[in-house]
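Thanks for asking me to look this one over. Here are my notes, point by point, to read with the structure open beside you.

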Amino acid sequence: ALVISTDSRSFEAIAMHGANCQGRIFTDFVFGEDQPYLAEFLQCNVVGAVNSCSVKLVVPPSSTVGVTLWHTCSLNLDGHKQHLLGLQEHQHDTSCANLPLREELWQQQA
């Protein structure tokens, strides 16, 4: 299970109206119909690759918000996968930037 391991005030503001999400299972915040798709997406990602998909997050009490979920993973010292997730809220004004962001806008060259 993907457990939220750090404090994330931006995510907490969206998903829990500011309540602490640390220690909670991330997929609990994903809209039910999107959960199988997200599970398959996360399983198929190759270590070191950065990929994105669109899902809906459940926002209490009874709404959802569309996001682009960015994902990469690496192996820890024990050989277990560690995941890094980033969320980009979908914009309601489609005249703004295209989603997801073009790779050259967010990826820094080494």
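1. Strands β1 and β2 are a good place to begin: they pair in the antiparallel sense, over nine bridges. A hairpin of three residues joins β1 to β2. If you want landmarks along this pairing, C53 stands opposite L69 in β2, and V58 has T64 of β2 as its bridge partner. Please keep in mind throughout that this is a predicted model.

2. The next pairing is that of β2 with β3, again antiparallel and again over nine bridges. Here C73 stands opposite H83 in β3. The hairpin between β2 and β3 has five residues between the strands. Within that hairpin, G79 takes a positive phi near 85 degrees.

3. Stepping back to the whole chain, you will find three helices and three strands. Read from the N terminus, the order of elements is α-α-β-β-β-α. The chain has 110 residues, and 25% of them are buried. As for contacts along the sequence, take those between residues at least 6 apart: 36% of them join residues at least 24 apart.

4. Now to the interior. In soluble globular proteins, nonpolar side chains tend to be buried together. In this model, the largest nonpolar core has 18 residues. The residues with the most contacts inside this core are F11, F26, F29, L38, V55, L57 and L69. Two helices and two strands, namely α1, α2, β1 and β2, each supply at least two residues of the core. The largest share, four residues, comes from β1.

5. L69 deserves a closer look, as one of the core residues with the most contacts inside it. Which residues does L69 touch, leaving aside its neighbours within four places in sequence? They are F26, L38, F41, N51, S52, C53, V55, L85, G86 and L87. C53, in that list, is also the residue that stands opposite L69 in the strand pairing. F26, L38 and V55 are, like L69, among the core residues with the most contacts inside the core.

6. On to the pockets. Rolling a probe the size of a water molecule over the atoms shows where empty space is left. The largest pocket holds about 500 Å³ of space. It is lined by 20 residues, and those closest to its centre are I4, S5, T6, F26 and L85. The elements that give two or more residues to this lining are α1 (9-15) and β3 (81-89). β3 provides the largest share, nine residues. By type, the lining divides into nine nonpolar, eight polar and three charged residues. You may recognise F26 and L85 from the previous point, where both are in contact with L69.

7. What lines the second largest pocket? Its lining is made up of A1, L2, T27, Q35, A39, L42, Q43, K81 and H83. About 210 Å³ of space lies in this pocket. Both α2 (35-44) and β3 supply at least two residues of the lining, and α2 gives the most, with four residues. The lining splits into four nonpolar residues, four polar and one charged. H83 links this pocket to point 2, where C73 stands opposite this residue of β3.

Terms used
Residues are numbered from 1 along each chain as its sequence is written. This is a predicted model: local features need pLDDT of at least 70, side-chain atom pairs count only at pLDDT 80 or more; totals for chains, interfaces and linings use all residues. Side-chain values use heavy atoms; hydrogens and water are left out. On a 1 Å grid over the protein atoms alone, a cavity is a set of points where a 1.4 Å probe fits but cannot get out, and a pocket is an open set with protein on both sides within 12 Å along at least five of seven lines; lining residues have an atom within 4 Å of a point. Grid points are joined across faces, edges and corners, and a volume is the space filled by probe spheres set on the points. Ala, Val, Leu, Ile, Met, Phe, Trp, Tyr, Cys and Pro count as nonpolar, Asp, Glu, Lys and Arg as charged, and the others, Gly among them, as polar. A nonpolar core is a set of buried Ala, Val, Leu, Ile, Met, Phe, Trp, Tyr and Cys residues joined through side-chain atoms within 4.5 Å. Buried means under 20% relative accessible area, exposed over 50%, partly exposed in between (1.4 Å probe, protein chains only). Contact means heavy atoms within 4.5 Å. Two strands pair if DSSP finds at least two bridges between them.
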